[in-house]
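Student: I should like to learn how to read the features of a structure such as this one. Could we proceed step by step, with the general idea before the particular case?

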Amino acid sequence: MKIKHLLLSSFVAFAGLAALAPTIASAAPYGHKVCHWDRHHHHRVCHWVR
């Protein structure tokens, strides 16, 4: 039951982040986003470049 609760809360957090993403993106003052796969941490890393 604890695992199910953890999955649900992480899903809700992710959905909230996805809802906020356009706002965060429009607030970025310059450039474009560059993403790459971080092999050490096993996830995608994105950052803004001019």
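Tutor: Let us begin with a definition: helices and strands are DSSP runs, at least four residues (H or I) for a helix and at least two (E) for a strand, numbered from the N terminus. With that in hand, one can place a residue: His 42 lies in the loop between β1 and β2. Please note that the model is predicted.

Student: Which elements does the protein have, and in what order do they run from the N terminus?

Tutor: The protein has one helix and two strands. From the N terminus on, the order is α-β-β.

Student: Which element has the lowest mean pLDDT, and which the highest?

Tutor: The general idea comes before the values. Where pLDDT is low, the predicted coordinates should not be read in detail. In this protein, the mean pLDDT is 74, and 58% of the residues reach 70 or more. Helix α1, residues 2-27, has the lowest mean among the elements, at 68, whereas β1 has the highest, at 87. We shall therefore turn to the strands, given that β1 has the highest mean pLDDT and that low values call for restraint.

Student: How many bridges join strand β1 to strand β2, and do the strands run parallel or antiparallel?

Tutor: Two strands count as paired if DSSP finds at least two bridges between them. Here seven bridges join β1 (residues 32-38) to β2 (residues 43-49), and the two strands run antiparallel. Individual residues can be followed across the pair: Val 34 has His 47 as its bridge partner in β2, and Cys 35 stands opposite Cys 46.

Student: What should I note in the hairpin of β1 and β2?

Tutor: Four residues lie between the strands of this hairpin, and one of interest is His 42, with a positive phi near 60°. His 42 takes this positive phi although it is not a glycine. As for its surroundings, His 42 has a relative accessible area of 57%, which is over 50%, so it counts as exposed.

Student: Which residues does the disulfide join?

Tutor: In general, a disulfide is a covalent bond between the sulfur atoms of two cysteines. The structure holds one disulfide. The bond joins Cys 35 to Cys 46, with an S to S distance of 2.1 Å. This pair links distant parts of the chain, Cys 35 in strand β1 and Cys 46 in strand β2, 11 residues apart.

Student: Why is the disulfide of Cys 35 and Cys 46 described as right-handed?

Tutor: The torsion about the S-S bond is about 110°, and the disulfide is therefore right-handed. Both cysteines fall between the 20% and 50% cut-offs. Cys 35 is partly exposed at 34% relative accessible area, and Cys 46 is partly exposed at 30%.

Student: Which residues does Val 34 touch?

Tutor: Leaving aside residues up to four places away in sequence, Val 34 touches Val 45, Cys 46, His 47 and Val 49. Val 34 itself lies in strand β1. The C-alpha atoms of Val 34 and Cys 46 are 5.4 Å apart, although the two residues are 12 apart in sequence. At 30% relative accessibility, Val 34 is partly exposed.

Student: Where does Val 49 lie, and is it buried or partly exposed?

Tutor: Val 49 belongs to strand β2, and with 24% relative accessibility it counts as partly exposed. Between the C-alpha atoms of Val 49 and Gly 31 the separation is 5.3 Å, and these residues are 18 apart along the chain.

Student: What do the totals say about the surface of the protein?

Tutor: The accessible surface comes to about 4800 Å², of which carbon and sulfur atoms contribute 70%. Of the 50 residues, 2% count as buried.

Terms used. Residues are numbered from 1 along each chain as its sequence is written. This is a predicted model: local features need pLDDT of at least 70, side-chain atom pairs count only at pLDDT 80 or more; totals for chains, interfaces and linings use all residues. Side-chain values use heavy atoms; hydrogens and water are left out. A disulfide is a pair of cysteine sulfur atoms within 2.5 Å. Buried means under 20% relative accessible area, exposed over 50%, partly exposed in between (1.4 Å probe, protein chains only). Accessible areas come from the Shrake-Rupley method with a 1.4 Å probe; for residues, only the protein chains shown count as cover. pLDDT is the predictor's confidence in each residue, from 0 to 100. Contact means heavy atoms within 4.5 Å.
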